[in-house]
Structure formats: structure tokens, C-alpha cells
Amino acid sequence: MQACRIERLYDLRETIAAAVFEGAEYPWEVLPRIRDFIIELGNSLPEDVFERRGENIWIAKSAKVAPTACLNGPLIIDEGAEVRHCAFVRGSAIVGKGAVVGNSTELKNVILFNKVQVPHYNYVGDSILGYKAHMGAGSITSNVKSDKTLVVVHCHGKECHTGLKKFGAMLGDNVEVGCNSVLNPGTVVGRGTNIYPLSMVRGYVPENSIFKNADEIVIKRDMDE
């Protein structure tokens with residue numbers, strides 16, 4: 001399970017939420033902490049940089065938020081982020097510096113690192129997206145199994161019982177997810193990996209690879225040899 005550890009997936013310098021990962025080994029361990037962490041962090045944010053709007057909602061003064069966006073707390077929108085027309089934030093969300101939350105995109109219990117893009121018709125729930133991760137139009141995280149059992153992460157033939165009923169996807173830094181893909185509960189995608197459009201992804205996808213389908217995952221370095 002080493003490939004799924006926090007330090008293998010994320011550069012914690014690229015999020016205002018770095019402290020929430022302290023003491024955790026795997027990123028999904030912090031999902032139950034997000035709500036309380038936002039409230040604690042929000043109350044300590046500098047008033048010259050952030051303004052408080054409503055209950056437990058802090059928005060950087062340099063961020064752009066469309067008047068049609070629906071924002072529910074607890075929520076932090078960091079500097080230079082953009083929340084576009086009809087975005088729906090259900091709560092417990094951190095939107096990183098320079099990140100984009102687009103038209104009709106829905107967020108719930110998530111951490112978006114700096115410069116993440118979820119710009120077109122995305123659902124991101126109970127998930128963590130690393131620095132510069134991008135989800136193509138219509139791609140979503142599925143965060144509850146159809147049989148409602150607890151999520152198990154499968155990685156290199158090993159299983160990690162998370163104890164979580166709701167767990168979407170952990171996307172490492174610089175991951176690209178193609179349009180209309182579905183990331184099934186417990187998906188972990190390593191840094192620098194590309195997911196083909198229309199993919200159905202589950203389990204662990206290695207870093208620096210190209211996911212074409214479940215039976216064809218190409219490591220990028222092998223393509224260069």
C-alpha cells in the first residue's frame with residue numbers, strides 16, 4: 001500500500017489544508033476531519049485576505065464567485081479561485097488557490113488542492129484532488145457502493161479496509177481524467193496519470209501511467225523506451 005500513502009500522491013505545500021493530513025498515513029483517513037478542520041482554520045484566516053460570508057463560509061477577496069453559485073458551509077475558497085455559474089457547493093469543501101469550479105459542478109466533503117480544475121458538469125464527493133488535477137467535462141466520482149457496504153481500497157494485490165461508507169477518489173498531483181469517466185468508490189490514481197475518456201475506473205492506478213481500460217494500463221516511461 002506504499003503507493004497510496006499521502007506523500008506519494010500529494011505535495012502538501014500546494015494546499016491551505018496541509019495541517020489536516022498530520023498524523024494520517026493514507027489520504028482517505030482525513031475525510032471525516034474535513035468539516036471540523038474548515039471551521040477551525042476559517043476562524044484563524046486573516047481578515048485582510050478573506051471575508052466571511054454567511055455561516056462558516058470564508059472567501060478570499062481575490063476569488064471570483066458567480067452570483068448564481070450556491071455556497072453552503074463550512075467552506076473555504078482560497079485566493080484567485082474561480083467558482084462559476086450555477087456551481088453547487090453542498091458544504092465541507094476547500095477550494096485551493098487558482099482552482100476552478102465550473103458550471104453545474106457539485107462539491108461535497110472535498111479538498112481541492114491549488115490549481116485543480118473541475119470546470120464542467122462534474123460531481124466530486126468525499127474526495128481529494130491533488131495539485132493541478134483536472135477532471136474533464138462530465139467526469140464524476142462515485143462515492144457510495146451500490147450495495148452500501150464499506151469501501152475497500154485495492155492496491156497491488158493488497159486490501160485496505162477504510163471503514164468508510166462514503167469514499168470517492170483520491171487523485172494525485174497532475175492527474176488528468178478524461179471526459180465522462182466514472183471513478184468508482186475507493187479509486188486512487190497516482191501522480192501524473194492520464195485517464196482515457198469514457199473510462200470506468202476502480203482500485204489503484206499507478207503513477208505516471210495512461211489508463212486506457214482495466215486491462216490496458218501503460219506506464220509512460222515504458223512508452224519512451
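Which strand is Asn-109 found in? I opened my notebook with that, and the answer is strand S10, residues 106–112. A reminder to myself before going on: this is a predicted model.

**Entry 1: backbone oddities**

I stayed with Asn-109 for a moment, since its phi is near 50 degrees, a positive value in a residue other than glycine. Is Asn-109 buried or exposed? I looked up its relative accessibility and got 11%; the cut-off for buried is under 20%, so Asn-109 counts as buried.

Next I noted Tyr-121, which has a positive phi of about 55 degrees although it is not a glycine. Where does Tyr-121 lie? I found Tyr-121 in the loop between strand S11 (117–120) and strand S12 (123–129).

I also checked the peptide bonds and wrote down a cis one, which joins Gly-73 and Pro-74 with omega about 0 degrees. Pro-74 sits in the loop between strand S4 (70–71) and strand S5 (75–77).

**Entry 2: the annotated domain**

I pulled the UniProt annotation, from an unreviewed entry: "domain: Mannose-1-phosphate guanyltransferase C-terminal", covering residues 72–188. How much of the chain over residues 72–188 is helix, and how much is strand? I got 0% helix and 45% strand, with the end C-alpha atoms 27 Å apart.

**Entry 3: the nonpolar core**

How many residues does the largest nonpolar core have? I noted 70, and the residues with the most contacts inside this core are Trp-28, Leu-107 and Ile-111.

I picked Ile-111 to follow up. Leaving aside neighbours within four places in sequence, Ile-111 is in contact with Thr-15, Ala-17, Val-20, Phe-21, Val-30, Ile-34, Ile-94, Ser-127, Ile-128 and Leu-129.

**Entry 4: Leu-31**

I went to Leu-31, in the loop between helix H1 (6–9) and helix H2 (34–42). Its relative accessibility is 3%, so I put Leu-31 down as buried.

Which residues does Leu-31 touch, not counting residues up to four places away in sequence? My list reads Asn-109, Asp-126, Ser-127, Ile-128, Leu-164, Lys-166, Phe-167 and Met-170. Asn-109, my opening residue, is on that list.

I also took a distance here: Leu-31 and Ser-62 are 31 residues apart along the chain, and their C-alpha atoms are separated by 27 Å.

**Entry 5: Thr-187 and the pocket**

Thr-187 belongs to strand S20, residues 187–189. I read off 0% relative accessibility, so Thr-187 counts as buried. Beyond four places in sequence, Thr-187 touches Phe-167, Gly-168, Ala-169, Met-170, Val-201, Arg-202 and Gly-203.

Then I turned to the largest pocket. What is its volume? I have about 160 Å³ for the largest pocket. Its lining consists of Lys-145, Val-151, Val-152, His-154, Asn-184, Pro-185, Gly-186, Arg-202 and Gly-203. I sorted the lining residues into 3 nonpolar, 4 polar and 2 charged. Arg-202 and Gly-203 turn up in this lining, and Thr-187 touches both Arg-202 and Gly-203.

**Entry 6: Arg-191**

I found Arg-191 in the loop between S20 and strand S21 (194–195). With 28% relative accessibility, Arg-191 counts as partly exposed.

How far apart are the C-alpha atoms of Arg-191 and Arg-8? I got 7.7 Å, for residues 183 apart along the chain. Not counting residues up to four places away, Arg-191 touches Glu-7, Arg-8, Leu-9, Tyr-10, Asp-11, Gly-172, Asp-173, Val-175, Glu-207 and Asn-208.

**Entry 7: Arg-5**

I finished with the segment before H1, the place of Arg-5. Arg-5 has a relative accessible area of 21% and is partly exposed; the buried class would need under 20%.

Which residues does Arg-5 touch beyond four places in sequence? I wrote down Glu-25, Tyr-26 and Pro-27. For Tyr-26 I added the C-alpha distance: 4.8 Å from Arg-5, at 21 residues apart in sequence.

**Entry 8: Val-100**

One last lookup, Val-100 in strand S9, residues 100–103. Val-100 is buried, with a relative accessible area of 8%. Its contacts beyond four places in sequence are Glu-82, Arg-84, Val-116, Gln-117, Val-118 and Pro-119. I noted 9.5 Å from C-alpha to C-alpha between Val-100 and Lys-64, which are 36 residues apart in sequence.

Conventions
Residues are numbered from 1 along each chain as its sequence is written. This is a predicted model: local features need pLDDT of at least 70, side-chain atom pairs count only at pLDDT 80 or more; totals for chains, interfaces and linings use all residues. Side-chain values use heavy atoms; hydrogens and water are left out. A nonpolar core is a set of buried Ala, Val, Leu, Ile, Met, Phe, Trp, Tyr and Cys residues joined through side-chain atoms within 4.5 Å. Buried means under 20% relative accessible area, exposed over 50%, partly exposed in between (1.4 Å probe, protein chains only). Contact means heavy atoms within 4.5 Å. On a 1 Å grid over the protein atoms alone, a cavity is a set of points where a 1.4 Å probe fits but cannot get out, and a pocket is an open set with protein on both sides within 12 Å along at least five of seven lines; lining residues have an atom within 4 Å of a point. Grid points are joined across faces, edges and corners, and a volume is the space filled by probe spheres set on the points. Ala, Val, Leu, Ile, Met, Phe, Trp, Tyr, Cys and Pro count as nonpolar, Asp, Glu, Lys and Arg as charged, and the others, Gly among them, as polar. UniProt positions are given in the numbering used here, feature names are shortened, and annotations may be inferred rather than shown by experiment. Helices (H or I, at least four residues) and strands (E, at least two) are DSSP runs, numbered from the N terminus.
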